[in-house]
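Trainee: Could you take me through one part of this model in detail? I would like to start with a single helix and follow its surroundings outward.

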Amino acid sequence: MVKGMVARDTRRWLQMLEAICKHWEGPISLALYLSDAEAQQFLRYAQGSEVLMSRSNVGYHIVYKEGQFYPVNMLRNIAMKHVNTPYMFLSDIDFLPMYGLYEYLRKSVVQLDMTNTKKALIVPAFETLRYRLSFPKSKAELLSMLDMGTLFTFRYHVWTKGHAPTNFAKWRTATTPYHVNWEADFEPYVVVRRDCPEYDRRFVGFGWNKVAHVMELDAQEYEFIVLPNAYMIHMPHAPSFDITKFRSNKQYRICLKTLKEEFQQDMSRRYGFAALKYLTAENNS
């Protein structure tokens, strides 16, 4: 089980990587998007880090910066390409996994027979707005923090649709894995077999990069299963250049809409009648 991740701002994310290494003992495949100078900074930092130097199961894949847009899906594909375990947990570097998640996922892929079935196991995502967080050591502790308003379900304030199908109300009391259906704009963080579809490289910068991937998993008839005792928490950081651009630039949003339409047409060609639901879902959302 490899945790595949993508990172952009060097020092901030290397500190985050150190924190992740304390939560996740399994292998990590990490794609970094860096300039020459940042690559040197990364090397110096990594060599001076006791946490990173003590690990022999972290693969760093540096892609040198080119062009004005952040090629997020290309980087995800590079991280995936270098996975050498049968399963991978697709994540981003601004999330801290719960303690013990690696072992829990290893057991889950066996229990849910992922070798012989097409499943995407969902790790429910939460977020905090606090830079200093006493990380919950159990689901009960996490639920208490949710009730107190220290934690929220991920993107609850700005993009509820992205994770609503996870059904957090059901997750609160769930003790066994449960099935959920794909819905428009769904973008959960998942555990899949290594042979899953790649991310679509045309999505760069901000917007729809994970949504398109999850849509393709659904088109290929992956079953979405929510894990009842798994969680990850998004840690706060300054808005990225790309999301700022998306919010402020109408042309950026028009380009993204065009890419979405192209992708959906390609889905129709590849998956035929089964892909019609994506067009109707988009029109209704």
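Mentor: Happily; what follows starts at helix H6 and moves on to the strands, loops and spaces of the chain. Please keep in mind that this is a predicted model.

Let's begin with the helix itself. H6 covers residues 139-148, and its buried residues are Lys139, Leu142, Leu143, Met145 and Leu146. Looking down the helix axis, these residues fall within an arc of 160°, so they line one face of H6. On the face turned away from that buried side you will find Ala140, Asp147 and Met148, which are exposed. What do the buried residues of H6 pack against? Their partners are strand S7 (125-127), strand S8 (152-153), helix H7 (168-173) and strand S12 (232-234). After the helix comes Gly149, with a positive phi near 85°.

Thr153 is a good place to see this packing from the other side. Thr153 belongs to strand S8, and its relative accessible area is 17%. Because the cut-off for buried is under 20%, Thr153 counts as buried. Leaving aside residues up to four places away in sequence, Thr153 touches Ala125, Phe126, Glu127, Leu146 and Phe168. One of these contacts, Leu146, is also among the buried residues of H6.

Now follow the chain into the loop between S8 and H7, where Arg155 is found. Arg155 is not a glycine, yet its phi is positive, at about 60°. With a relative accessibility of 25%, Arg155 counts as partly exposed. Asn167 lies in the loop between S8 and H7 as well. Asn167 also has a positive phi, of about 65°, although it is not a glycine. Its relative accessible area is 32%, which makes Asn167 partly exposed.

Next, have a look at strand S10 (residues 190-193), which pairs with strand S4 (residues 87-90) in the antiparallel sense over three bridges. Within this pairing, Tyr87 has Arg193 of S10 as its bridge partner. Strand S6 (residues 119-122) also runs antiparallel to S10, and two bridges join them. Here Leu121 is partnered with Val191 of S10.

That leaves the empty spaces. Rolling a probe the size of a water molecule over the atoms shows where empty space is left. The model has two cavities of 30 Å³ or more, and the second largest cavity has a volume of about 50 Å³. Its lining consists of Leu90, Pro188, Tyr189, Val190, Tyr199, Lys210, His213, Val214 and Leu217. Helix H8 (residues 209-219) provides the largest share of this lining, four residues. Sorted by class, the lining of this cavity has seven nonpolar residues, one polar and one charged. You can tie this back to the paired strands: Leu90 falls in S4 and Val190 in S10.

Last comes the second largest pocket, with about 230 Å³ of space. Of the 14 residues that line this pocket, Met16, Ala19, Leu96, Tyr131 and Met235 are the closest to its centre. Helix H1 (residues 10-23) gives the most to the lining of the pocket, with five residues. By class, the lining of the pocket has nine nonpolar, two polar and three charged residues.

Terms used. Residues numbered from 1 in each chain as written. Predicted model: local features only at pLDDT ≥ 70, side-chain atom pairs only at ≥ 80, totals over all residues. Heavy atoms only, no water. 1 Å grid on protein atoms, 1.4 Å probe; cavity = no way out; pocket = protein on both sides within 12 Å on 5 of 7 lines; lining within 4 Å. Points joined across faces, edges and corners; volume = space filled by probe spheres on them. Nonpolar A, V, L, I, M, F, W, Y, C, P; charged D, E, K, R; others polar. Buried < 20%, exposed > 50% of the residue type's maximum accessible area, 1.4 Å probe, protein only. Arc of directions from axis to C-beta. Contact = heavy atoms within 4.5 Å. Pairing = 2+ DSSP bridges.
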